[in-house]
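Visitor: I have a new model open on my screen. Could you show me how to read its features, one at a time?

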Amino acid sequence: MDESTDNTTFADLALRPELVEALSSLGYEEPTPIQRESIPPLIAGQDLLGQAATGTGKTAAFALPMLEHLDADNRSKNPTGLILVPTRELAMQVSEAVHKYGRGLGARVLPIYGGQPIGRQLQALSRGVDVVVATPGRAVDHIKRGTIPLKNIAMVVLDEADEMLDMGFAEDLDAILGALPTERQTVLFSATMPKRIESLARRHLSNPTTIRIEAPVVAKGDAPKVRQLAFMVPRSHKPAALGRILDVESPAAAIVFCRTRLEVDQLTETLNGRGYRAEALHGGMNQEGRDRVMARVRSGNADLLIATDVAARGLDIDLLTHVVNYDVPSAPESYVHRIGRVGRAGREGVAITLAEPREHRLLENIQRVTGDKIAIEKVPTISDLRNRRMELTLGTLRETLLDDDLDRYRTIVESLTDEFDLFDVALAAVKLTHEATTGAEDEVEIPEVEVRRSKDRKNDRGDRGDRGDRGERGDRDKKGKKGKDRSIGVDSTRLYFPIGRSAQVRPGDLVGAITGETGLAGKQIGSIEIADKFSLVEVPEKSADDIIRAMKKTTIKGRKVVPRRERFQRFER
Ligand code: AMP
């Protein structure tokens with residue numbers, strides 16, 4: 001997905017057709033650097049020690065070889081793959097990813113984490129599972145009860161091993177690895193490689209291939225002049241946030257990089273819906289289509305090009321002023337390549353990166369490797385945007401007053417001033433200009449995200465208790481903002497409730513009102529984000545209309561609060 005000098009494709013990795021098919025339907029165009037380097041040795045059966053953070057594509061790097069080894073014709077009830085992860089959020093996320101990649105193979109994947117009723121996990125295990133994704137604490141519980149058959153485990157993955165050690169799972173990991181068959185493949189991924197990880201690897205890995213994505217070398221004088229900014233935005237707010245940032249930055253010509261074809265298509269549609277002239281460019285298009293797009297961009301008939309790295313390779317657009325990373329690129333070298341497209345020939349360029357809170361480490365890594373500072377800025381608020389729009393209107397009117405021959409409108413003004421005050425006539429004309437030039441106004445405030453630096457993460461253990469996977473509801477009830485942590489999946493939608501922190505609303509009030517009026521169970525309600533003036537609640541798509549109707553009959557905190565569907569589409573991959 002990212003640009004680099006190596007052009008290995010998924011086909012070169014010789015994956016089974018069902019997997020290639022899954023990747024293509026997800027819109028992945030090429031392997032990420034970590035995938036390119038990990039997949040061949042893992043398919044060949046070697047152990048692997050990899051340094052990679054979230055966002056690099058590491059899940060597919062270990063999941064694809066695990067699925068490649070799955071014996072589709074001769075499947076037993078016992079799992080052959082075990083993936084250990086630090087938190088239940090990651091367990092759900094990795095399990096969803098393995099399920100997506102293994103759909104064509106009918107892979108049976110089970111996430112196992114603390115807080116979830118053990119009965120459900122036992123039932124699924126007795127029906128038969130191919131891949132178990134578990135937090136260490138819960139895995140140990142199952143091993144002690146003898147409820148997780150380990151004898152067929154052929155590959156075990158320790159994902160985010162440094163986090164697992166930081167959270168106090170060292171003993172649990174030793175116990176789990178000690179209970180697995182000795183004839184097995186062991187994979188360890190970690191964002192950092194402190195001594196404790198090296199020692200864990202020495203104890204449990206045998207002759208591993210080591211992988212670390214090397215930093216690009218950029219000669220000092222060659223570094224482009226680029227203003228580098230990043231915005232921390234929850235995924236569901238990305239399209240709205242990008243719209244606002246573009247409104248404030250007003251790029252002459254910009255390229256927006258997305259990870260997948262699907263994302264390119266969806267974002268292009270959303271941005272066109274918001275009044276931009278955006279064009280999509282990805283590897284699924286034929287040459288003729290691409291030429292047409294590039295002609296429109298070069299002639300100034302489009303102001304935004306939305307592209308994957310593969311499609312943008314080799315493109316040279318003269319007047320590019322802004323590069324936008326819709327996600328943090330998976331490797332620093334991709335970041336450097338991408339932003340090298342602006343700031344050429346002494347002109348100033350701007351590089352904007354939208355990062356999800358969990359991708360913060362990746363951003364830190366890019367700064368460490370490039371030695372450049374990326375300033376983390378706040379997404380423009382509704383009032384910033386209004387001010388900016390007022391400025392635009394002012395500028396447009398000033399230009400018109402200076403340049404245009406306005407005499408032919410004199411009769412209109414004269415006839416109106418017979419009836420109205422001249423100042424009011426001017427106000428009405430300004431209003432029309434403003435509405436015509438600046439488009440519809442946003443009304444949803446984008447929640448501010450707290451940035452956690454890596455060094456703050458050491459304190460996590462205290463926050464979460466000594467077992468990170470205990471307690472199902474804790475996060476949501478403590479902090480309404482941790483929306484993504486409790487997603488209820490792809491068939492969900494979000495409802496906008498016009499009541500928030502300023503009315504002292506808490507997640508329990510929203511859950512209580514919804515379950516009380518609709519008969520929906522609390523667990524069917526997903527993430528809840530509470531901002532100052534509004535809240536967003538994730539609910540099953542099929543129940544959304546019933547909830548909206550039911551809320552008309554009740555009150556929250558003594559107020560009538562009728563929700564509506566969130567205005568901006570969410571992007572799921
Ligand atoms: P991970 O580091 O595994 O959490 O992956 C980060 C994101 O990149 C996920 O949303 C994946 O769906 C996406 N991704 C992984 N591999 C690729 C690829 N080869 N091309 C495009 N997107 C990818």
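Visitor: Which residues lie nearest the centre of the second largest pocket?

Guide: First, the general idea: rolling a probe the size of a water molecule over the atoms shows where empty space is left. This is a predicted model, and in it Leu397, Leu401, Leu406, Val413 and Ala429 lie nearest the centre of that pocket. The full lining counts 24 residues, around a space of about 850 Å³.

Visitor: Which helix gives the largest share of the lining of the second largest pocket?

Guide: H18 does, with eight residues. H16, H17 and H18, the last spanning 422-438, each supply at least two residues of the lining. By class, the lining has 15 nonpolar, three polar and six charged residues.

Visitor: Now to the surface. Which residues make the nonpolar patch of about 560 Å²?

Guide: Leu401, Leu406, Tyr409, Ile412, Leu416 and Phe420 make that patch. Leu401 and Leu406 are familiar from the pocket, where both are among the residues nearest the centre. Tyr409 sits in the loop that runs between helix H16 (382-403) and helix H17 (410-419).

Visitor: Why does Tyr409 count as partly exposed?

Guide: Because its relative accessible area is 41%, which falls between the 20% limit for buried and the 50% limit for exposed.

Visitor: Let's turn to charges. How many salt bridges does the structure hold?

Guide: Side chains of opposite charge can pair when their charged atoms come close. Here the structure holds 32 salt bridges. One of them joins Lys238 and Asp327, at 3.2 Å from N to O. That pair links distant parts of the chain, 89 residues apart: Lys238 belongs to helix H10 (residues 238-249), while Asp327 is in the loop between strand E12 (322-325) and helix H14 (332-339).

Visitor: Are Lys238 and Asp327 buried or exposed?

Guide: Lys238 is buried, at 0% relative accessible area, and Asp327 is buried as well, at 3%.

Visitor: Which residue forms a salt bridge with Lys238 at 3.7 Å?

Guide: Glu356 does, with 3.7 Å between the closest N and O atoms. Glu356 lies in the loop between strand E13 (349-355) and helix H15 (360-370), and Lys238 in helix H10, so this pair ties together parts that are 118 residues apart in sequence. Glu356 is buried too, with a relative accessible area of 2%.

Visitor: Which residues are joined into one network by salt bridges that share partners?

Guide: Arg235, Lys238, Arg259, Glu263, Asp327, Glu356, Arg358 and Glu359.

Conventions:
Residues are numbered from 1 along each chain as its sequence is written. This is a predicted model: local features need pLDDT of at least 70, side-chain atom pairs count only at pLDDT 80 or more; totals for chains, interfaces and linings use all residues. Side-chain values use heavy atoms; hydrogens and water are left out. Patches are made of residues with over 30% relative accessible area and no salt bridge: like charges are joined within 9 Å, nonpolar side chains (Val, Leu, Ile, Met, Phe, Trp, Tyr) within 5 Å. Accessible areas come from the Shrake-Rupley method with a 1.4 Å probe; for residues, only the protein chains shown count as cover. A salt bridge is a side-chain nitrogen of Lys or Arg within 4 Å of a carboxyl oxygen of Asp or Glu. Helices (H or I, at least four residues) and strands (E, at least two) are DSSP runs, numbered from the N terminus. Buried means under 20% relative accessible area, exposed over 50%, partly exposed in between (1.4 Å probe, protein chains only). On a 1 Å grid over the protein atoms alone, a cavity is a set of points where a 1.4 Å probe fits but cannot get out, and a pocket is an open set with protein on both sides within 12 Å along at least five of seven lines; lining residues have an atom within 4 Å of a point. Grid points are joined across faces, edges and corners, and a volume is the space filled by probe spheres set on the points. Ala, Val, Leu, Ile, Met, Phe, Trp, Tyr, Cys and Pro count as nonpolar, Asp, Glu, Lys and Arg as charged, and the others, Gly among them, as polar.
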